[in-house]
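Trainee: I should like to learn how to read the features of a protein model. May we work through one together?

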Amino acid sequence: MQSQKTSTPTPDQIRRAPKVLLHDHLDGGLRPGTIVDLARAIGYAGLPESDPDKLGTWFREAADSGSLERYLETFAHTCAVMQTREALVRVAAECAEDLAADGVVYAEIRYAPEQHLEAGLTLEEVVEAVNEGFREGERRAREDGNRIRVGALLTAMRHAARSLEIAELANRYRELGVVGFDIAGAEAGFPPTRHLDAFEYLKRENNHFTIHAGEAFGLPSIWQALQWCGADRLGHGVRIIDDIQVAEDGAVKLGPLASYVRDKRIPLEMCPTSNLQTAAAPSYAEHPIGLLRRLHFRVTVNTDNRLMSGTSMSREFDHLVEAFEYSLDDLQWFTVNAMKSAFIPFDERLAMINDVIKPGYAELKAEWLFQQAVVTPALASGSAAARG
Ligand SMILES: [Zn+2]
């Protein structure tokens with residue numbers, strides 16, 4: 001008899017499983033139809049396609065193309081239509097709704113307020129509009145029978161000089177929908193130490209932050225993010241693999257930075273599909289997440305940009321299940337890791353783990369028991385013959 005522990009979860013079970021998402025960009029997750037609607041409403045003529053299906057395909061292909069210009073162009077379009085209060089409320093509400101429909105029960109969604117000021121909104125108005133959208137999306141999800149909580153992370157751009165201002169903004173809206181801070185953008189040439197004043201400010205305020213590090217750029221970026229900036233989590237962090245040696249006989253040796261990351265339980269916000277598109281990993285099967293999970297790093301699974309990667313939390317799990325034959329226990333492990341690493345208070349994280357995530361997986365793990373209870377015709381006729 002095959003137990004759920006050894007069997008592969010079905011796509012339907014994966015979709016129904018409670019999931020936690022820590023790394024997802026608001027401007028990377030719009031519905032194609034919404035982009036078309038918003039562009040029409042504001043008279044934005046820059047879209048490469050006006051049909052939602054074709055536009056969705058264009059976004060995925062541009063992100064797949066290997067061209068940085070085309071990849072950046074995708075965000076120019078999404079940001080262009082996210083400049084008004086109404087647009088931000090709608091995009092944020094749909095984000096929460098889409099995640100809830102995919103079985104996500106807790107999400108931290110990040111965005112850079114400074115990229116939504118072109119039509120005259122203030123930084124505060126941007127934050128309040130996005131918060132309003134998340135609350136609206138949570139409400140609509142509840143009406144559909146789904147449960148989700150969404151917190152915002154405010155991102156500052158690595159190449160810009162507004163990080164302290166954005167960190168102060170994140171601190172002002174703490175407990176008002178914003179749960180932390182992030183730095184994003186091109187790693188090469190823009191080390192996180194450029195923004196030390198922002199990180200030091202947040203530490204003095206006892207606030208939380210994550211840093212995009214170790215995606216395209218190697219160990220120095222991870223080392224700076226942790227040891228100079230004091231990041232609570234690493235956005236991606238895949239290059240930590242460069243500090244791990246695997247010998248021919250399978251023996252593993254961790255370098256000092258990899259040891260530190262594992263010993264201190266530093267959460268790694270891994271985004272497999274996104275990494276394939278930016279060539280940070282060659283395939284799902286060769287993605288460092290396989291080794292890092294085996295070595296018990298604090299690995300979490302994330303979507304990064306659902307529109308550009310044509311992905312969802314369920315699809316990321318589908319790919320990993322296919323590549324590594326993960327069971328529901330493995331998926332629960334990733335999910336609990338993510339919930340432990342969230343920026344909301346400890347008691348709320350614990351309640352999410354014990355009262356939502358574990359019961360959800362327990363229910364899925366028990367399904368095989370009831371499937372086995374069906375009497376097969378062969379057995380029934382065999383026993384009838386034996387009685388006769
Ligand atoms: Zn990211």
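Trainee: How many bridges join strand β3 to β4, and do the two run parallel or antiparallel?

Mentor: Strands of a sheet pair through backbone hydrogen bonds, and the pairing may be parallel or antiparallel. Please keep in mind that this is a predicted model. Here β3 (residues 149-157) and β4 run parallel and are joined by six bridges. One pair to locate is A156 with its bridge partner I183 in β4. Between these two strands the chain passes through helix α7 (residues 163-172), and the β-α-β crossover is right-handed.

Trainee: Which sheet do these strands belong to, and what is its strand order?

Mentor: The sheet is open and has eight strands, in the order β1-β2-β3-β4-β5-β6-β9-β10, with parallel pairing. At its edges are β1 (19-25) and β10 (299-301), each of which pairs on one side only. From one strand to the next, the twist averages 25°.

Trainee: What lies on the other side of β3, and which helix packs on the sheet there?

Mentor: Strand β2 (residues 104-111) pairs with β3 in the parallel sense, over six bridges. Within that pairing, I109 stands opposite A152 in β3. Helix α6 (residues 123-143) packs on the sheet and touches β2, β3 and β4. The direction of α6 makes about 155° with that of β3.

Trainee: Let us return to β4. How many of its residues are buried?

Mentor: Strand β4 (residues 178-184) is mostly covered, with seven of its seven residues buried. The count for a residue is one of neighbours: 20 or more other C-beta atoms within 10 Å of its own make it buried.

Trainee: Which strand does β4 pair with besides β3, and over how many bridges?

Mentor: β4 pairs with strand β5 (residues 209-213) in the parallel sense, over three bridges. The bridge partner of F181 is F209 in β5, and D182 stands opposite T210 in β5. Helix α8 (residues 196-204) completes a right-handed β-α-β unit with β4 and β5.

Trainee: How should I read the side chains of β5, and which of them point one way and which the other?

Mentor: In a regular strand the side chains alternate between the two faces of the sheet. In β5, F209, I211 and A213 point one way, whereas T210 and H212 point the other way. Both sets are buried, and the strand is mostly covered, with five of its five residues buried.

Trainee: Which strand follows β5 in the sheet order, and where can I see the pairing?

Mentor: The order continues from β5 to β6. Strand β6 (residues 233-236) pairs with β5 in the parallel sense over four bridges. You may look for T210 opposite R233 in β6, and for A213 opposite H236 in β6. The chain crosses from β5 to β6 through helix α9 (residues 219-228), and this β-α-β crossover is right-handed. Beyond that, β6 and strand β9 (residues 268-270) pair in the parallel sense over two bridges, and E269 in β9 is the bridge partner of G235.

Trainee: I should now like to read a helix. Which residues of α7 are buried?

Mentor: An α-helix has 3.6 residues a turn, so residues three or four places apart point the same way. In α7 the buried residues are S163, I166, A167, L169 and A170. They lie on the same side of α7 because they cover an arc of only 160° around the axis. These buried residues pack against α6, β3, β4 and α8.

Trainee: Finally, how does one read the protein as a whole, and how many helices and strands does it have?

Mentor: The secondary structure comes to 17 helices and ten strands. The radius of gyration is 22 Å, close to the 21 Å that the globule rule gives for 388 residues, so the protein is as compact as a globular protein of that length. Along the principal axes, the C-alpha atoms fill a box of roughly 85 × 50 × 45 Å. Buried residues account for 45% of the 388 residues. Of the contacts between residues at least 6 apart in sequence, 74% join residues at least 24 apart.

Definitions and conventions: Residues are numbered from 1 along each chain as its sequence is written. This is a predicted model: local features need pLDDT of at least 70, side-chain atom pairs count only at pLDDT 80 or more; totals for chains, interfaces and linings use all residues. The radius of gyration is taken over C-alpha atoms; the globule rule is 2.2 Å times the number of residues to the power 0.38. A residue is buried if 20 or more other C-beta atoms lie within 10 Å of its own, exposed if 12 or fewer, and partly exposed in between; C-beta atoms are placed from the backbone. Two residues are in contact if their C-beta atoms, placed from the backbone, lie within 7 Å. Two strands pair if DSSP finds at least two bridges between them. A crossover is right-handed if, with the strands pointing away from the viewer, the path from the first strand over the helix to the second runs clockwise. Axes are lines fitted to C-alpha atoms, for helices over the stretch in contact, and angles run from 0 to 180 degrees between N-to-C directions. The arc is that of the directions from the helix axis to the C-beta atoms.
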